[in-house]
Amino acid sequence: MAEQTIVPIEQLLPNKLFLVPLTGRPIFPGIFTPVMINNPDDVKAVEDVYSGDGFVGILMIKNEVDSPTVADLYDVGTVARIIKKINLPDGGVNIFISTLKRFRIRKVVSEREPMVAIVDYLEDTEDDTFEVKALTRALIGEMKEISENNPLFSEEMRLNMVNIDHPGKIADFIASILNIEKREQQRILEIQNVRQRMEQVLVFIKKEQELLRVQKKIQGEINDRIEKNQREYFLREELKTIKEELGMTTDAKGADYQKFKERIDALKFEGEIKETVESELEKFSLMDANSSEYIVTRNYLETIVSLPWEAPTAEAYDMKEARAILDGDHYGLDDVKKRIVEYLAVRKLKKDTKGSIVLLVGPPGVGKTSVGRSIARAMNKPFFRFSVGGMRDEAEIKGHRRTYVGAMPGKIIQGLKIVKTKAPVFMIDEVDKMGQSYQGDPSSALLEVLDPEQNISFRDHYLDLPFDLSNVLFILTANTLDSIPGPLIDRAEVIQLSGYIDTEKLEIAKKYLVPRSLDRNGLAKKQVRYANESLLFIANSYAREAGVRNFEKNLDKIHRKLATEIVFGERKADDRVVPDVAMIQKMLGKPIFRDDDEKKADRPGTAVGLAWTSMGGDTLIIEAITNPGKEGFSMTGQMGDVMKESAAIAWSWVKHWATESGNATAEWYEKQLVHLHIPEGATPKDGPSAGITMATALLSLVQGRAIRPALAMTGELSLTGQVLAIGGLKEKTIAARRNKIKDIIIPRANVRDLDDIPEHVKKGITFHPVTRMEEVIAIALPERKARAAKKPSAAKRDAPRDSKRAAKPDR
């Protein structure tokens, strides 16, 4: 019988190996581990190997690819023997392998799956046994420290590390369990020299120890913080229990502190805001509830937690619905609604939630505030309104500093507290009526609020923290642009709202004013019915202003009287009332405006001009008379400096033109005292647009004849007779229509503005564009050539006689 000998397994290793690619980390020799294989070709090859000698080569992939080849693998790997194979339900296999030795690919037999190569096995080399022993002890000692501080190292790992007798295998085992990069592990696998391999592993152990020290430090800080919070919590709970046992109720201060802390923690502040708020909260917790500063700090914290700090939600509004809301809330104002719809369309197209500034300018009662309210409703946003008319203190805008008793935030922060959103619609009324005082300039304070570059970090004096106002849509209202600072206008989108004519007031009354007034006074719609003639009579006789505010007041007055009659039994509740002119006059009194009150230039020395005021357009009469005496020219009617200059220019031009054309002589002027007056002397007047009107009135006085009827004019006059452009033509045209003017003389430079005037306003009115004063005379005084043909002495005699007649009181 032959003698049997035991051969080490390393001597039975085949030279040709089937290669298994790994996507994770390399596997070192001396390791028992499972490997999962899912590739069908690899599964088949594993089946063949398992049924044969059971040896496979394990190599790591350099870069992950879908179908790796031998070129995609590292050259050095580990040979392993398949100990057990388990088939998986998805077609893959899970193999348990025992790694034996390093190898290097010498020659590729099969490039693609199944990958096969001829290999050379690598032996460990040792330089100095003494150094290797020292390194071995160092490795085991350092790893013992790591294993004690790291719960991921099991007791089994510690035992395996101690029981390994070969230094190279100790280095391999430690490298396999350290948390290092897979490329670094591959580099260790490729080192054959045991001393160099152990030195490299020792470097990684030191890094792991440093990482553990930092981790332990962080963990300790977190634990200390948790323990402190828990300790405070338990102490507070114990204190609460003790107070309950003693019958002492919890103090209000503690409840306030807890409430503020919870709400501040929920807001998740950062940076400066977090630091300031936490400091104030800590100060609050240390204050005596009876001290004066306690209420101040409490109010401050209450303000902070009440503000909307969260980012606004995305805007969602339907453009068709927005247009329907604007059409339903307002009659007319087509150009205004068109501008607003365009603004909303651009905002929706850009998907921009950033706020903007819209400035609505128009006379009182034309619907500026209601337009702003409709914009908010169309955009599904909360609406907040406040007025700055007469405001003289900038603290109303930017708040008071907390050093003052009774300090409070400004109107902007107060409004945000009320609406509780970061993107509301804010209406600031009467921005043209702000004042200045030693307390500051509110209009300058508004510049920061309305500037998109600055309001992203607006600082209220009371809050003294940056707050983002860039998502707020600001709507400003004003009656005129004249008193608004230029920088404030530059920041806004200006939309002009003109006044209404009588036909527009009729439609507004039927659709809005009458139903609203009836409801306000407790009357049903079926109880009162107005004819068109009655509503027009109210508009023309009692409410001839640009807006409809007085119109609504007069309707309220009528309905209050009707309600009184019903309550006292003078009228049955189910009777239908149809107010006629007589009933309206009985309830409202005598008409304020009469047809014979219309401003007419029906005698020499008079002319009708058109003015543009904060109340809208208006007509004004210019009157001039002469008195015998020393040459002179006086003006009355509370004219401003600009208007006085225009009057002086008009008189100089008339004297020059009348003398040149033979309408009057220089001797006539020397003996006449001319007096120019604009009625309604209690009303201040200014501006250059009455220049041609004053010149026409003076020339009518010199010639002694009246201008053509139903004629009004507007235009600035230069000293050489040029007619210059003016503003507010639309408002002036509406005023002219209200006063039954049929012809209007305008500067030719303003012809472009006629396109902005609705057709129903221009209907029935003839516009006469002019560039020279001579053209004005040809239209207003068409017979001047025939007059001029007379002798100067006749003109001289006629003018004073007509002037005296014009100066007599109207009996």
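A residue is called buried under 20% relative accessible area, exposed over 50%, and partly exposed in between. The exercises below use this scale and others on a predicted model.

**Exercise 1. Two residues with positive phi**

Task: Determine where Glu430 lies and whether Glu430 counts as buried, partly exposed or exposed, and then treat Asp464 likewise.

Solution:
- Step 1. Most residues other than glycine have a negative phi.
- Step 2. Glu430 departs from this pattern, with a positive phi near 60° in a residue other than glycine, and Asp464, also not a glycine, has a positive phi of about 55°.
- Step 3. The loop that holds Glu430 runs between β9 (425–429) and α15 (442–450), whereas Asp464 belongs to the loop between β10 (458–459) and β11 (466–467).
- Step 4. The relative accessibility of Glu430 is 27%, and therefore Glu430 counts as partly exposed; Asp464 has a value of 46%, so Asp464 counts as partly exposed.

**Exercise 2. The open sheet**

Task: Work out which strands form the edges of the open sheet, which residue of β12 is the bridge partner of Met427, and which strands helix α14 touches.

Solution:
- Step 1. The sheet is open and has 5 strands, which follow the order β8-β9-β12-β7-β13 with parallel pairing.
- Step 2. Because β8 (383–387) and β13 (493–496) each pair on one side only, these two are the edge strands.
- Step 3. From one strand to the next, the twist averages 20°.
- Step 4. Within the sheet, β9 pairs with β12 (residues 473–478) in the parallel sense over 4 bridges, and Ile475 in β12 is the bridge partner of Met427.
- Step 5. Helix α14 (residues 411–419) packs on the sheet, where α14 touches β8, β9 and β12, and the direction of α14 makes about 150° with that of β8.

**Exercise 3. A pair of helices**

Task: Classify the angle between helices α17 and α18, state the hand of their crossing, and describe the residues that make the contact.

Solution:
- Step 1. Helix α17 (residues 502–520) packs against helix α18 (residues 532–541) at an angle of about 110°, and their axes are 9 Å apart.
- Step 2. Angles of 65 to 115 degrees count as roughly perpendicular, and α17 is therefore roughly perpendicular to α18.
- Step 3. The crossing in which α17 passes α18 is right-handed.
- Step 4. On the α17 side, Asp502, Lys505, Leu506, Ala509, Lys510 and Val514 make the contact, while α18 contributes Asn532, Leu535, Leu536, Ala539 and Asn540.
- Step 5. Sorted by type, the residues of this contact comprise 6 nonpolar, 2 polar and 3 charged.

Key. Residues are numbered from 1 along each chain as its sequence is written. This is a predicted model: local features need pLDDT of at least 70, side-chain atom pairs count only at pLDDT 80 or more; totals for chains, interfaces and linings use all residues. Side-chain values use heavy atoms; hydrogens and water are left out. Axes are lines fitted to C-alpha atoms, for helices over the stretch in contact, and angles run from 0 to 180 degrees between N-to-C directions. Angles under 35 degrees count as roughly parallel, over 145 as roughly antiparallel, 65 to 115 as roughly perpendicular and the rest as oblique. A crossing is left-handed if the near helix is turned anticlockwise from the far one by less than a right angle, and right-handed if clockwise. Contact means heavy atoms within 4.5 Å. Ala, Val, Leu, Ile, Met, Phe, Trp, Tyr, Cys and Pro count as nonpolar, Asp, Glu, Lys and Arg as charged, and the others, Gly among them, as polar. Buried means under 20% relative accessible area, exposed over 50%, partly exposed in between (1.4 Å probe, protein chains only).
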